[in-house]
Amino acid sequence: MAQNNGAWCISLLLIMFLCQAAFHAETAAAATYKIEWSFGVTDWPKGKHFKAGDVIVFHYPEGEHEVAVVDANGYKTCTVPAGAKVYTSGNDRVTLRRGNNYFICDIPQHCDQTGMKIAVTAA
């Protein structure tokens, strides 16, 4: 009976180790993308393959732009809904969630007139 308990404990420890290793492997696989956040960036995501957990770093001169996380309607209409997260540091790190992620510049006319917005789909 004691031998069976020992084998069971070893099996349980092995399963726990494998689960932990798989979790860390997925976390480590996250990529970081840097975008120079400026006018006409709408096509920036093309050709890139994003995953949930990847990070986009929006780089721009502080005070010249902002990064607002919006929904599909906010992206389409260049409007920031109440309660939306708005970044202003000039070196903003945003972690992508699974599905569609939309970002616009909240400075007047930057989104609608100069194309300062991106739509990113993360698998």
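Which side chains meet in a salt bridge at 3.8 Å, N to O? Hold that thought for a moment, and let us walk through the fold before coming back to the charged groups.

What you have on screen is a predicted model. The chain carries 2 helices and 7 strands, and reading from the N terminus the elements follow the pattern α-β-β-β-α-β-β-β-β. Of its 123 residues, 29% are buried. The accessible surface amounts to about 7900 Å², with carbon and sulfur atoms accounting for 58% of that area. If you count the contacts between residues at least 6 apart in sequence, 65% of them link residues at least 24 apart.

Now for the strands. Strands of a sheet pair through backbone hydrogen bonds, either parallel or antiparallel. Here, 4 strands make an open sheet with the order 4-3-6-7, and their pairing is antiparallel. Strand 4 and strand 7 sit at the edges, each pairing on one side only. To find your way in, start with strand 3, residues 67-70, which is joined to strand 4 by 2 bridges; Val-67 stands opposite Tyr-87 of strand 4.

Another antiparallel pairing involves strand 2 (residues 55-59) and strand 5, and it runs over 5 bridges. One anchor point to look for is Val-55, whose bridge partner in strand 5 is Thr-95. In a regular strand the side chains alternate between the two faces of the sheet. Strand 5, residues 91-95, shows two such faces: Asp-92 and Val-94 are on the covered one, while Asn-91, Arg-93 and Thr-95 are on the uncovered one.

Next, the interior. In soluble globular proteins, nonpolar side chains tend to be buried together. In this model the largest nonpolar core has 18 residues, and those with the most contacts inside it are Ile-35, Trp-37, Phe-50, Ile-56, Phe-58, Phe-103 and Ile-118. Strand 1 (32-36), strand 2 and strand 7 each supply at least two residues of this core, and strand 7 gives the most, with 3 residues. Ile-118 makes a good place to centre your view: among the residues it touches beyond four places in sequence are Ile-35, Trp-37, Trp-44, Ile-56, Phe-58, Tyr-75 and Phe-103. There is also a second, separate core of 6 residues, including Ala-68, Val-70, Tyr-102 and Ile-104.

Phe-50 deserves a visit of its own. This residue lies in the loop between strand 1 and strand 2, yet Phe-50 counts as buried, at 5% relative accessibility. Leaving aside neighbours within four places in sequence, its contacts include Tyr-33, Trp-44, Pro-45, Ile-56, Leu-96 and Val-120. From Phe-50 to Tyr-33 the C-alpha to C-alpha distance is 9.2 Å, and the two are 17 residues apart in sequence.

Let us turn to the cysteines. A disulfide is a covalent bond between the sulfur atoms of two cysteines. The structure holds 1 disulfide, formed by Cys-78 and Cys-111 with their sulfur atoms 2.0 Å apart. Cys-78 belongs to the loop between helix 2 (72-77) and strand 4 (86-87), and Cys-111 to the loop between strand 6 (99-104) and strand 7 (117-122), so the bond ties together parts that are 33 residues apart in sequence. The torsion about the S-S bond is about -65°, so this disulfide is left-handed. Cys-111 is buried, with a relative accessible area of 4%.

Why does Cys-105 not form a bond with the closest cysteine sulfur? The sulfur of Cys-105 is 8.0 Å from that of Cys-111, which is too far. Cys-105 is itself buried, at 2% relative accessibility. Cys-105 also appears among the contacts of His-110, together with Phe-39, Glu-64, His-65, Gly-115 and Met-116. His-110 is in the loop between strand 6 and strand 7 and is buried, with a relative accessible area of 13%.

Finally, back to the opening question. Side chains of opposite charge can pair when their charged atoms come close. The pair in question is Lys-34 and Glu-36. Lys-34 counts as exposed, at 52% relative accessibility, whereas Glu-36 counts as partly exposed, at 48%. A search of the whole structure finds 2 salt bridges. Asp-43 forms one with Lys-46, the closest N and O atoms being 3.3 Å apart, and Lys-46 is exposed, with a relative accessible area of 63%.

Methods: Residues are numbered from 1 along each chain as its sequence is written. This is a predicted model: local features need pLDDT of at least 70, side-chain atom pairs count only at pLDDT 80 or more; totals for chains, interfaces and linings use all residues. Side-chain values use heavy atoms; hydrogens and water are left out. Buried means under 20% relative accessible area, exposed over 50%, partly exposed in between (1.4 Å probe, protein chains only). Two strands pair if DSSP finds at least two bridges between them. Contact means heavy atoms within 4.5 Å. Accessible areas come from the Shrake-Rupley method with a 1.4 Å probe; for residues, only the protein chains shown count as cover. A disulfide is a pair of cysteine sulfur atoms within 2.5 Å. A nonpolar core is a set of buried Ala, Val, Leu, Ile, Met, Phe, Trp, Tyr and Cys residues joined through side-chain atoms within 4.5 Å. A salt bridge is a side-chain nitrogen of Lys or Arg within 4 Å of a carboxyl oxygen of Asp or Glu.
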